[in-house]
Amino acid sequence: MFEFFNQPEVIKTIVMIGSMMLFFVGLFGLLTRKNIIKIFISIAIMETAIFLFFIGLTFKTDFIAPILDSAHTDVAMMNDPIPHAMILTAIVIGMAVLALGVSFAIEYFKLTGKTDIDEMNEMRH
């Protein structure tokens with residue numbers, strides 16, 4: 001019954017549609033929310049959608065993990081580890097930037113009591 005979903009083309013289509021939907025959920029939150037913490041969360045959701053998109057496009061279902069041992073020596077049948085390593089690095093950088101932004105927002109709230117971006121007008125002339 002579910003053999004249809006186990007085809008590589010169907011899996012790639014599901015990953016593409018799912019990651020695009022997740023990206024647009026984040027974009028909707030980014031454009032409609034005025035709370036700075038919610039904006040940062042929306043950006044993190046969009047970032048996660050991009051990570052899923054890239055990993056979903058580079059992963060091959062018929063291939064094995066790129067670990068060499070005595071049982072698996074055929075390099076041609078292994079998934080490429082470079083995109084996965086790059087996305088892992090991007091995840092670490094993204095979480096660090098998110099933590100820094102949220103900590104700045106918390107400190108700003110402690111100083112001014114404001115979280116609404118329309119009320120943040122200290123730099124205006």
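**Reading burial, helices and pairings in a predicted model**

Trainee: Where does M95 fall, in terms of buried, partly exposed or exposed?

Mentor: M95 counts as partly exposed, because its relative accessibility is 40%, and that lies between the cut-offs of under 20% for buried and over 50% for exposed. Keep in mind as we go that this is a predicted model. As for its place, M95 belongs to helix 3, which runs over residues 81-112. Its C-alpha is 9.8 Å from that of E47, although M95 and E47 are 48 residues apart along the chain.

Trainee: Which class does P81 fall into?

Mentor: P81 is partly exposed, at 40% relative accessibility, and it too is part of helix 3. Try a C-alpha distance here as well: P81 and M16 are 65 residues apart in the chain, and their C-alpha atoms are separated by 20 Å.

Trainee: How do I check whether the length of helix 1 agrees with what its 25 residues should span?

Mentor: Take the expected span and hold it against the distance between the end C-alpha atoms. For helix 1, 1.5 Å a residue gives 36 Å, and the ends are 36 Å apart, so the two agree. Helix 2 can be read in the same way: its 23 residues reach 34 Å from first to last C-alpha, close to the expected 33 Å.

Trainee: Which residues of helix 1 are buried, please?

Mentor: In helix 1 they are V10, S19, G26 and G29. The next step is to look for the cover, and for these residues it includes helix 2, residues 36-58.

Trainee: And which are the buried residues of helix 2?

Mentor: There you will find I36, I39, S42, A44, M46, A49, F51 and G56. Their cover includes both helix 1 and helix 3. Let us zoom in on S42, which sits in helix 2. S42 counts as buried because its relative accessibility is 6%, under the 20% cut-off. Beyond its neighbours within four places in sequence, S42 is in contact with G26, G29 and L30. Two of those names should ring a bell: G26 and G29 are themselves among the buried residues of helix 1.

Trainee: What about loops: is N79 buried or exposed?

Mentor: N79 is buried, with a relative accessible area of 7%, and its place is the loop between helix 2 and helix 3. To see what surrounds it, leave out residues up to four places away in sequence; N79 then touches T58, F59, K60, F63, I64 and P66.

Trainee: Now the surface. Which residues make the nonpolar patch of about 560 Å²?

Mentor: M16, I17, M20, M21, F24 and L57 make it. Helix 1, residues 8-32, gives the largest share, with five residues. Take M21 as an example: it lies in helix 1 and is exposed, at 55% relative accessible area.

Trainee: How many aromatic pairs are found in the whole structure?

Mentor: The search finds two aromatic pairs. One of them joins F23 and F24, with 5.8 Å from centre to centre and 80 degrees between the planes, which is edge-to-face. The general idea is that a pair of aromatic rings is described by the distance of the centres and the angle of the planes. You can add accessibility to the picture: F23 is partly exposed, at 25%, while F24 belongs to the nonpolar patch.

Trainee: Last topic, then: how many salt bridges does the whole structure have?

Mentor: The general idea first: side chains of opposite charge can pair when their charged atoms come close. In this structure the search finds two salt bridges. In one, the side chains of K34 and D118 meet at 4.0 Å, N to O. K34 is in the loop between helix 1 and helix 2 and D118 in the segment after helix 3, so this pair ties together parts 84 residues apart in sequence. Both ends are partly exposed, K34 at 38% and D118 at 48%.

Trainee: What is the N to O distance in the salt bridge of E107 and K110?

Mentor: That distance is 3.4 Å. Both residues lie in helix 3, three residues apart, about one turn of the helix. E107 is partly exposed, with 42% relative accessible area, whereas K110 is exposed, with 60%.

Note on methods
Residues are numbered from 1 along each chain as its sequence is written. This is a predicted model: local features need pLDDT of at least 70, side-chain atom pairs count only at pLDDT 80 or more; totals for chains, interfaces and linings use all residues. Side-chain values use heavy atoms; hydrogens and water are left out. Patches are made of residues with over 30% relative accessible area and no salt bridge: like charges are joined within 9 Å, nonpolar side chains (Val, Leu, Ile, Met, Phe, Trp, Tyr) within 5 Å. Accessible areas come from the Shrake-Rupley method with a 1.4 Å probe; for residues, only the protein chains shown count as cover. Helices (H or I, at least four residues) and strands (E, at least two) are DSSP runs, numbered from the N terminus. Buried means under 20% relative accessible area, exposed over 50%, partly exposed in between (1.4 Å probe, protein chains only). Rings of Phe, Tyr and Trp (its six-membered ring) pair if their centres lie within 6.5 Å; planes under 30 degrees apart count as stacked, over 60 as edge-to-face and the rest as tilted. The expected span of a helix is 1.5 Å times one less than its number of residues. Contact means heavy atoms within 4.5 Å.
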